[in-house]
Amino acid sequence: MSEIVCTECGAELRLDDDVIQNEILPCPDCGVELEVMSLNPFQVALAPEVEEDWGE
Amino acid sequence: MMRVAMIITRARAEEKLLLKAFQRRGIEPELIRDEELVLNPLAIDPRWSEFDIVFLRTLSTSRGLYLLEYFDRWEVPTVNSLRTANICADKFKTSLALARAGLPQPEVRLAFTPRSTLEAVGELGYPAVLKPLVGSWGRLLAKVNDVDAAEAVLEHRQTLGNFAYHVHFVQSYVDKPHGRDIRAFVIAGQTICAIYRSSSHWVTSTARGALAENCPVGAELQDLCQRASDAVGGGVLAMDLFETEEGLVLNEINHGMEFRNSIEPTGVDIAIKVVDYALSLAEQHRQDGSEQT
Ligand SMILES: Nc1ncnc2c1ncn2[C@@H]1O[C@H](COP(=O)(O)OP(=O)(O)O)[C@@H](O)[C@H]1O
Ligand SMILES: [Mg+2]
Ligand SMILES: [Zn+2]
């Protein structure tokens with residue numbers, strides 16, 4: 001279990017052990033979507049905007 | 001040991017579930033981000049020949065389609081196939097494939113200008129539904145109850161810069177009993193489970209918060225989905241259906257299924273079934289390869 005800080009609002013997020021690269025983590029405080037950019041060292045960034053052809 | 005590549009745009013809940021399902025089968029797929037890829041049509045990147053199967057899980061429809069064109073050119077086996085994705089990515093192509101197979105669907109029209117579209121909607125009758133040809137998650141769906149609303153939506157569509165929104169796909173509105181539709185999960189023609197999706201809103205996508213409940217898979221559903229699967233080229237498919245007085249009709253078919261909300265209500269381990277199917281294709285490809293050499 002590790003912790004990171006939301007790049008948008010500074011909230012602390014606790015992470016599950018099975019977190020993977022490029023996973024999207026919604027911030028429980030501000031609702032922004034964070035993307036896991038690297039696992040070691042642990043880094044997140046704002047996830048890219050959903051594009052018009054994204055979906056199922 | 002099977003070598004599996006999974007191409008993703010982002011790792012959604014589904015990609016994590018699939019990854020874990022592969023691991024349960026003793027396989028560690030290589031996760032590849034579509035953002036990193038550069039495709040050269042003249043020569044295949046040797047990395048791709050390392051894999052027994054390439055599993056496309058891109059969120060981006062256009063990236064997925066170009067990747068499939070590329071893999072098809074180099075005979076790299078994929079889930080889903082290029083043919084299936086090409087049909088399912090486009091609601092009019094899907095409609096044509098279903099029509100060719102004689103399968104029930106709502107009335108559909110395609111038109112190229114606001115004026116001809118208004119005429120077509122007038123003939124179909126109100127309410128009607130205007131949808132982007134390529135789209136998902138209920139994005140830009142418009143239920144138009146009268147000609148004034150249709151005019152307004154079409155005018156707005158025309159001002160959207162993207163040319164794709166200037167081809168107008170219209171469907172007759174289906175009054176869904178109990179405010180629900182059916183989402184069936186179909187693998188190689190077999191409906192492995194289905195859910196009812198209900199909402200007080202006319203758009204019953206779980207991505208929009210609709211409630212998911214188990215839908216028993218009866219003979220009618222199983223048979224229709226089997227034939228729809230054949231019509232679009234098979235593979236791993238999520239089918240949206242409406243209940244009508246004349247029986248089930250097919251609304252659309254998705255080739256990049258999301259299923260996170262459907263495991264619990266159905267009690268079916270969807271991820272492992274998808275993974276086993278992908279592995280069976282990989283196995284088949286290996287055998288075909290060794291027969292040739
Ligand atoms: N013709 C229609 N009549 C009634 N409801 C519709 C119709 N078309 C779409 N819907 C509702 O909107 C939802 C999303 O539509 P769909 O065609 O599946 O588009 P998307 O690709 O965005 O999922 C459907 O699940 C259904 O609840
Ligand atoms: Mg749908
Ligand atoms: Zn935050």
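The exercises below concern a predicted model with chains A and B.

Residues are numbered from 1 along each chain as its sequence is written, and chains are lettered from A and ligands numbered from 1 in the order in which they are written. In this predicted model local features need pLDDT of at least 70, side-chain atom pairs count only at pLDDT 80 or more, and totals for chains, interfaces and linings use all residues; side-chain values use heavy atoms, with hydrogens and water left out.

**Exercise 1. Describe the zinc site of chain A.**

Step 1. List the donors, meaning N, O and S atoms within 2.8 Å of the metal (3.2 Å for Na, K and Ca); water is not among the atoms, so sites may look incomplete. For the zinc ion (ligand 3), the protein donors are the SG atoms of Cys6(A), Cys9(A), Cys27(A) and Cys30(A), at 2.3 to 2.4 Å.

Step 2. Assign the geometry. Four donors count as tetrahedral if all angles lie between 85 and 135 degrees. The four donor atoms here make angles of 109 to 110°, and the site is tetrahedral. For comparison, the ideal angle for four tetrahedral donors is 109.5 degrees.

Step 3. Place the donors in the chain. Their spacing is C-x2-C-x17-C-x2-C. Cys9(A) sits in the loop between strands S1 (2-5) and S2 (12-15) of chain A, and Cys30(A) in the loop between S3 (24-26) and S4 (33-39), so this pair ties together parts 21 residues apart in sequence. Strands (E, at least two residues) and helices (H or I, at least four) are DSSP runs, numbered from the N terminus.

Step 4. Add the context. Chain A has zero helices and five strands, and its C-alpha trace spans about 35 × 20 × 15 Å along the principal axes.

**Exercise 2. Characterise the packing of H5(B) with H6(B).**

Step 1. Take the geometry from axes, which are lines fitted to C-alpha atoms, for helices over the stretch in contact, with angles from 0 to 180 degrees between N-to-C directions. H5 (residues 114-124) and H6 (residues 147-159) of chain B have axes 10 Å apart at an angle of about 150°.

Step 2. Classify the angle: under 35 degrees is roughly parallel, over 145 roughly antiparallel, 65 to 115 roughly perpendicular and the rest oblique. H5(B) and H6(B) are therefore roughly antiparallel.

Step 3. Collect the contact residues (heavy atoms within 4.5 Å). H5(B) supplies Pro114(B), Thr117(B) and Leu118(B), while H6(B) supplies Val147(B), Ala150(B), Glu151(B), Leu154(B) and Gln158(B).

**Exercise 3. Repeat the analysis for H1(B) and H9(B).**

Step 1. The axes of H1 (residues 13-24) and H9 (residues 270-292) of chain B come within 9 Å and cross at roughly 60°. That makes H1(B) oblique to H9(B).

Step 2. In the contact, H1(B) contributes Leu17(B), Leu18(B), Ala21(B), Phe22(B) and Arg24(B), and among the residues of H9(B) are Ala271(B), Ile272(B) and Val274(B).

**Exercise 4. Locate the cis peptide bonds Asn40(A)-Pro41(A) and Val79(B)-Asn80(B).**

Step 1. The bond joining Asn40(A) and Pro41(A) is cis, with omega about 5°. Pro41(A) lies in the loop between S4 and strand S5 (42-46) of chain A.

Step 2. The bond from Val79(B) to Asn80(B) is cis, with omega near -10°. Asn80(B) lies in the loop between strand S4 (78-79) and helix H3 (82-88) of chain B.

How values were computed
Tetrahedral: all angles 85-135°; square planar, octahedral: opposite > 155°, others 65-115°.
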